[in-house]
Amino acid sequence: MQGYTANEEALRHLLEEKTAQYQQPYFIENDPISVPHLFSKKQDIEIAALFSALFAWGQRRTIIAKSRALMQLMDDAPHQFITQCKDSDLRRFEQFKHRTFNATDTLYCIAFLRHWYARHDSLETAFSQHVRHGEQHIGAALSGFHDLFFSLPVISERTRKHIPTPLRQSSCKRLCMLLRWLVRSDQKGVDFGLWKAISPAQLLCPLDVHVLRVAERLGLLQSTKSNWHNALSLTATLRRFDAADPVKYDFALFGMGIEEKSYSLKFSM
């Protein structure tokens, strides 16, 4: 293919092949994205996606179970519950916990969402309002959302560790994953494509441990450190293969890391 070295063309072919293999409906069932897929109302999808993304560390089975349990505490109608619940209804969350995410964190998230949805129809603008026209990536959306999230009169300081920002050099894996789910669309119906103000070309690849390991072995990254620099670096390389939708290759890198025990290919970029 014109414009690529032989090495790059072989790598592009591998990534395209593996993306096609793993970007399939069967992927949904065993991934946290399955939780927002339980819903059809836009706001329910957004809320379920936010919590499922924030819970996304550890075993996927546990992430899904905890996310579904939280949705059940919201009567499986999260938008209606959050916008209409009384303070007494919040007591049901006092014992809820996922790893270091506890009741205080849950209640602050609910407080922010209640505040936001009282004034806005969608969570999309909480991110997109920070992105200027022509912005190369979503860095401003991530840092802007973080600051907005903690702009309530009374905030939970302990919850800050659960909402990443590039300003702390975080890779922002969980929020990058959330935005992939809600911004991208695909013919297989895995990602939702609900949000239009941010372009798929602006997304950044979520640096899951599996993605990092495979990316390093394929020569796409020089290290397996999960930081902002590597999020930018990996995505910049993936844009060389598909500038309009670089994060589609998340399916390839993650799928290879999860399901394939070994891969001997090593490329130099």
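Contact here means heavy atoms within 4.5 Å. The model shown in these close-ups is predicted.

**View 1. Helix α10 and its packing partners.** Helix α10 covers residues 209-217. His210, Val211, Leu212, Val214 and Ala215 are its buried members. These buried residues pack against two helices, α11 (228-239) and α12 (250-259). At the start of α10, Asp208 points a side-chain oxygen at the backbone nitrogen of His210, reaching to within 2.6 Å of it. After the helix comes Gly219. The phi of Gly219 is positive, near 85°.

**View 2. The largest pocket.** The volume of this pocket is about 400 Å³. Its lining is made up of 25 residues. Nearest the centre lie Ala56, Lys173, Asp208, His210 and Phe254. Four helices, α4, α9 (173-183), α10 and α12, each give two or more residues to the lining. Two of the residues nearest the centre appear in View 1: Asp208 and His210, the pair that meets at the start of α10.

**View 3. Helix α9, enclosed by the rest of the structure.** How much of α9 is buried? The count is 11 of the 11 residues, so the helix is largely enclosed by the rest of the structure. The buried set runs from Lys173 to Val183 and includes the charged residues' positions Lys173, Arg174 and Arg180. Among the others are Cys176, Met177 and Trp181. The cover over these buried residues includes α3, α7 (124-128), α8 (139-149) and α12.

**View 4. Leu179 within α9.** Leu179 belongs to helix α9. Its relative accessible area is 0%, which means that Leu179 is buried. Beyond four places in sequence, Leu179 touches Phe127, Ile138, Leu142, Arg184, Trp195, Ile198 and Leu203. Ala53 is 126 residues away from Leu179 in sequence. In space, the C-alpha atoms of Leu179 and Ala53 are 9.5 Å apart.

**View 5. Gln23 and its contact with Arg184.** Gln23 sits in the loop between α1 (6-22) and α2 (26-29). Is Gln23 buried or exposed? It is buried, with a relative accessible area of 12%. The side chains of Gln23 and Arg184 are joined by a polar contact of 3.0 Å. Leaving out residues up to four places away in sequence, Gln23 touches Arg184, Asp186, Lys188, Val190 and Phe251. Arg184 also appears in View 4, where it touches Leu179.

**View 6. Val131 in the loop between α7 and α8.** Val131 is located in that loop. With a relative accessible area of 16%, Val131 is buried; the cut-off for buried is under 20%. Its contacts, with neighbours within four places in sequence set aside, are Ala141 and Gln202. Val131 and Gln202 are 71 residues apart in sequence. Their C-alpha atoms are 9.7 Å apart in space.

**View 7. Aromatic pairs.** The model holds 16 aromatic pairs. One of them joins Phe55 and Phe101: the ring centres are 4.9 Å apart and the planes stand at 70°, so the pair is edge-to-face. Phe55 lies in the loop between α3 (42-54) and α4 (60-73), and Phe101 in the loop between α5 (78-84) and α6 (103-117), so the pair ties together parts that are 46 residues apart in sequence. Both Phe55 and Phe101 are buried. In another pair, Phe112 and Trp116 have ring centres 6.2 Å apart and planes at 20°, so this pair is stacked. Phe112 and Trp116 are 4 residues apart in helix α6, which means about one helical turn separates them. Both Phe112 and Trp116 are buried.

**View 8. An aromatic cluster, with charges over rings.** Which residues form one aromatic cluster? They are Tyr108, Phe112, Trp116, Phe127, Phe145, Phe149, Phe150 and Trp195. Phe127 and Trp195 of this cluster also touch Leu179. Arg160 lies over the face of Phe150, 4.6 Å from the ring centre. A second case involves Lys66 and Phe96. There, the charged end of Lys66 sits over the ring, 5.6 Å from its centre.

How values were computed
Residues numbered from 1 in each chain as written. Predicted model: local features only at pLDDT ≥ 70, side-chain atom pairs only at ≥ 80, totals over all residues. Heavy atoms only, no water. Phe/Tyr/Trp six-rings, centres within 6.5 Å; stacked < 30°, edge-to-face > 60°. Buried < 20%, exposed > 50% of the residue type's maximum accessible area, 1.4 Å probe, protein only. Lys NZ or Arg CZ within 6 Å of the ring centre and 35° of its normal. Polar contact = N/O pair within 3.5 Å; in protein donor to acceptor, adjacent residues only side chain to side chain. 1 Å grid on protein atoms, 1.4 Å probe; cavity = no way out; pocket = protein on both sides within 12 Å on 5 of 7 lines; lining within 4 Å. Points joined across faces, edges and corners; volume = space filled by probe spheres on them.
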